[in-house]
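Biologist: I'd like a close look at one part of this protein. Could you walk me through it in plain words?

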Amino acid sequence: MNNISVLLAFSAGLLSFLSPCVLPLVPAYVSYLTNSSIEELKNDKTKLLTLYRSLGFVLGFSIIFILMGISITSLGKLLTEHKDLFRKIGAVIIIVFGLHTLGVFKVKLFYREKRFLYFDKIKGPFSSVIMGMAFAAGWTPCIGPILSSILIYASSMDSIGKGVILLIMYSLGLAVPFVLTAIAIESFTRNFKKLSKYLNVISIISGILMIIMGVMIFLNKLAALSQYGNFINF
């Protein structure tokens, strides 16, 4: 695996965090995690609780995403005999995801959200981890296409370990800004209006990158990009 693949996966996680369905809900997630209002989060003791539970939350969704990566990579290995065909089918699906994210057309299925658990019913010392797992399993509308693209790409890897690394990097891309934002939630809330006007631009960038990724996978040219900066190898 080359550094381009790692960077793509991390960037996909970051774009998932910045998506219009996730970023505006961050204050609500943080409030659910701490059972506190935004005003109460100014307290130093509450900030430590926020950090602790935010880490639990990202651990929860990372577990689910990594398990998905293991499952999809295992499936990919079983389909090795028709690997080229499934690579091209997967690439076309990624391009469709990109066009949807870009706004060329809308697929109603991507707007559905399955909630197996409701946050207000989750209690106990591991509640933040369970909430993170519920968030991941629910596949909120905006992260679905981006996450699915990374899963499809992971399925084309020649080992389960490489697929898992991709999902770890995706999880980090989503986790790092979430934890940092949770710690600085007061500043985030104060400046969110300034950020919100760029959400549509972020969706467009996400869609374009997904389309490029899909085309490169279809042509089996993604690995060729590694020659422009291959300083990380797995």
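**A greasy patch and a hidden helix**

Modeller: Let's start with helix H7, which gives 5 residues to a nonpolar patch, the largest share. Keep in mind that this is a predicted model. The patch sits on the surface and is made of Leu 51, Leu 55, Ile 168, Leu 172, Val 176, Leu 180 and Ile 183, with about 540 Å² of accessible area together. Two elements give two or more residues to the patch: helix H3 (44-78) and helix H7 (160-183). Here's a handy rule: an α-helix has 3.6 residues a turn, so residues three or four places apart point the same way. Now take Ile 183, which is found in helix H7. Its relative accessible area is 40%, and partly exposed means between 20% and 50%, so Ile 183 counts as partly exposed.

For a contrast, hop over to helix H6, residues 143-155. H6 has 13 residues and reaches 18 Å from its first C-alpha to its last, close to the 18 Å expected at 1.5 Å a residue. All 13 of the 13 residues of H6 are buried, so this helix is largely enclosed by the rest of the structure.

One more stop: Met 213, which lies in helix H9 (residues 199-218). Met 213 is buried, because its relative accessible area is 6% and the cut-off is under 20%. Setting aside residues up to four places away in sequence, Met 213 touches Ser 149, Ile 150 and Tyr 153. Met 213 and Ile 95 are 118 residues apart in sequence, yet 7.8 Å apart in space, C-alpha to C-alpha.

Note on methods. Residues are numbered from 1 along each chain as its sequence is written. This is a predicted model: local features need pLDDT of at least 70, side-chain atom pairs count only at pLDDT 80 or more; totals for chains, interfaces and linings use all residues. Side-chain values use heavy atoms; hydrogens and water are left out. Patches are made of residues with over 30% relative accessible area and no salt bridge: like charges are joined within 9 Å, nonpolar side chains (Val, Leu, Ile, Met, Phe, Trp, Tyr) within 5 Å. Accessible areas come from the Shrake-Rupley method with a 1.4 Å probe; for residues, only the protein chains shown count as cover. A salt bridge is a side-chain nitrogen of Lys or Arg within 4 Å of a carboxyl oxygen of Asp or Glu. Helices (H or I, at least four residues) and strands (E, at least two) are DSSP runs, numbered from the N terminus. Buried means under 20% relative accessible area, exposed over 50%, partly exposed in between (1.4 Å probe, protein chains only). The expected span of a helix is 1.5 Å times one less than its number of residues. Contact means heavy atoms within 4.5 Å.
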